[in-house]
Amino acid sequence: MEAGFLTFILASSFSVYSSHTGITDWHDVVVAREETSTTLVCTDATVRGAVSINWMAKTIGADEWQLVLSANNKKEFSGGASKSSMRLTDSNFQDTGVFSLLFVPKMQDGGLYSCLIKQEGRKLKERIILLAILTVTVEPAAPVSQYSTLQLIARVTPDFAVAEITWEAPGGMSMKSEKQPLRGTVAKLPQVQTSDSGTYTCRVHPSGNCSTRFFAFNVDVTVDANNVASFTNITHGTIISTATQAHTSFTLTCHGVQGDYVLLYWRHPDVRKQSNLSLVYQYDRWRGSSPTTKQSKRFQLAGPPYNAEAGSFAFLFTPGLKDSGLYICEVFLNDYAYSQRTLLSIMKVKTSLSPSKLELECLYKERSQVQRAHWNYQDKSRKLRQLSKGPGSIVTVLPMPITSDTAGNYTCTLQLTNGQTVGATQAVTMQKESVGVTAHSLSPSLSALLLLVPLVAATVCVLLWKQKHISDRGIEQSLSVHSGEAENIYENPESVRQAPLEGSIYMDLKPRGEDDVYKELERCHIHSVPSCSRE
């Protein structure tokens with residue numbers, strides 16, 4: 001909307017100006033720096049003899065042409081619009097055909113100038129020149145202190161005479177610039193150092209008819225190596241106290257001023273010493289630079305509604321628990337600083353599973369602003385037993401196995417001293433897998449049970465070996481453990497031997513005499529294999 005408004009003003013000014021002058025075009029444009037000697041060129045090599053020259057001007061806001069200077073082969077005199085510095089560059093113009101006008105203009109001298117050549121009262125030639133006056137301002141005034149913000153400001157009057165103004169740094173490198181209302185085209189260098197000293201160039205590109213593609217003007221800048229800027233004008237915003245869950249996107253906001261560059265500092269959580277601040281991110285929108293460090297990789301400049309290139313700053317990052325603490329965002333505009341502090345607490349839910357219990361632990365840092373931390377079950381009427389493992393920890397324990405009475409949502413809530421609350425919910429279910437919790441079967445595995453079988457067999461062998469007397473009567477004994485329904489293996493032992501084992505372990509002992517018992521044991525294979533076959 002501002003651009004449209006400015007366009008309307010410029011168009012209106014040009015329309016009014018053109019209606020006053022009675023013309024809508026000019027033959028040439030000259031851009032001159034204020035208080036600098038300037039020549040308006042007007043030549044005609046074909047004109048010789050008794051000729052006269054009339055220079056007239058119609059400055060911005062004037063209604064009529066005014067005589068500046070008139071001369072012929074006999075005399076020269078000044079008109080009402082003449083300046084003390086005005087003169088013809090060649091007094092012998094009748095012979096050379098050079099009718100150029102030389103003077104030192106001021107800002108108010110910008111406008112249209114007419115070079116009218118006559119001979120014996122007859123018009124031979126008229127040339128209209130649009131004179132635009134350039135004003136260049138350097139802030140702060142020389143010598144420039146280190147770490148201050150260098151401002152190079154260029155303004156042209158009338159502004160419709162110019163299509164574009166650009167700035168170049170020493171060495172010819174293009175600089176970012178912006179056209180600002182009432183100021184002109186501004187280029188800045190924040191945090192200047194002695195290496196920024198040198199000659200800067202302002203290039204003015206005229207609009208309309210012009211014999212010159214651009215006009216270049218040099219500006220010398222010296223940075224004082226012995227003087228360092230101090231920022232005493234600091235505006236502090238109201239501190240922001242907030243909290244968030246770990247590993248979720250969070251926006252760190254800065255002061256709303258449109259700044260030149262931004263510095264982001266961080267203090268570790270639960271530390272009181274201000275000296276522990278560390279610079280974690282910096283961005284200069286004029287130089288387009290953002291030094292990359294290990295810490296800065298965690299952050300990125302936020303997009304809409306923010307715009308870092310235009311000076312509206314905020315940061316996005318996904319913090320972990322250890323990223324809690326104090327963040328200070330300092331925005332600098334010229335020699336003013338705007339500080340915004342954010343005290344950030346981060347919370348995280350951790351689960352720990354054992355055969356007898358499921359432990360839900362809520363961890364949080366930057367405890368200084370946490371008034372209370374507690375666990376709640378989805379059924380508010382049920383009270384949970386809670387304990388702490390230390391500062392920044394609150395734990396609730398669920399007995400295993402999880403039942404329909406204990407399954408559900410468990411929420412850890414942080415209440416800050418400013419009344420804000422932030423919660424993290426952990427879902428616990430009876431399935432093998434739950435949100436954040438994996439409940440494994442607690443029964444021993446079959447492989448573990450099989451490892452015990454050789455020990456059992458060895459024990460039986462020892463007992464039999466120590467036995468002093470074995471009854472002559474045949475012993476038929478069978479030990480069988482099945483995962484399903486029990487079977488009588490004595491009815492058809494052969495079918496048992498041939499059938500595949502499915503979680504079953506057995507020993508088939510059928511001795512016929514005292515010696516046969518030991519022979520049968522020696523031939524038995526007891527680790528998940530069929531029983532010994534009969535002789």
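**Exercise 1. Is Lys-188 buried or partly exposed? Then find its salt-bridge partner and place both residues in the chain.**

Solution. Keep in mind that this is a predicted model.

- Step 1: Lys-188 has a relative accessible area of 4%. Buried means under 20%, so Lys-188 is buried.
- Step 2: The side chain of Lys-188 forms a salt bridge with that of Asp-260, at 3.1 Å from N to O.
- Step 3: This pair links distant parts of the chain, 72 residues apart: Lys-188 belongs to strand 14 (residues 184-189), and Asp-260 to the loop between strand 20 (250-253) and strand 21 (261-267).
- Step 4: Asp-260 has a relative accessible area of 0%, so Asp-260 is buried.

**Exercise 2. Work out what surrounds the side chain of Gln-151.**

Solution. Start with the strand, then move outward.

- Step 1: Gln-151 sits in strand 11 (residues 150-157).
- Step 2: Its relative accessibility is 5%, so Gln-151 counts as buried.
- Step 3: Leaving aside residues up to four places away in sequence, Gln-151 touches several residues, among them Thr-137, Val-138, Glu-139 and Lys-188.
- Step 4: The side chain of Gln-151 makes a polar contact of 3.0 Å with that of Arg-183, and a polar contact of 3.3 Å with the side chain of Asn-334.

**Exercise 3. Describe the salt bridges around Asp-284 and Asp-323, with the burial of each partner.**

Solution. Take one pair at a time.

- Step 1: A search of the whole structure gives 14 salt bridges.
- Step 2: One of them joins the side chains of Arg-287 and Asp-284, at 3.2 Å from N to O. Asp-284 is buried at 6%, whereas Arg-287 is partly exposed at 36%.
- Step 3: Asp-284 and Arg-287 are linked with Asp-196 in a network of salt bridges.
- Step 4: Asp-323 and Arg-298 meet through their side chains at 2.5 Å, N to O. These two are 25 residues apart, with Asp-323 in the loop between strand 24 (314-317) and strand 25 (325-333), and Arg-298 in the loop between strand 22 (278-284) and strand 23 (299-301).
- Step 5: Asp-323 counts as buried at 7%, while Arg-298 is partly exposed at 27%.

**Exercise 4. Which side chains of strand 16 point to the buried face, and how does strand 15 run beside strand 16?**

Solution. Sort the residues by face.

- Step 1: In a regular strand, side chains alternate between the two faces of the sheet.
- Step 2: In strand 16 (residues 215-221), Phe-215, Phe-217, Val-219 and Val-221 share one face and are buried. Ala-216, Asn-218 and Asp-220 point to the other and are not buried.
- Step 3: Strand 15 (residues 198-206) runs antiparallel to strand 16, joined by seven bridges. Gly-198 has Val-221 as its bridge partner.

Terms used: Residues numbered from 1 in each chain as written. Predicted model: local features only at pLDDT ≥ 70, side-chain atom pairs only at ≥ 80, totals over all residues. Heavy atoms only, no water. Buried < 20%, exposed > 50% of the residue type's maximum accessible area, 1.4 Å probe, protein only. Helix = DSSP H or I, 4+ residues; strand = E, 2+ residues; numbered from the N terminus. Pairing = 2+ DSSP bridges. Polar contact = N/O pair within 3.5 Å; in protein donor to acceptor, adjacent residues only side chain to side chain. Contact = heavy atoms within 4.5 Å. Salt bridge = Lys/Arg side-chain N within 4 Å of Asp/Glu carboxyl O.
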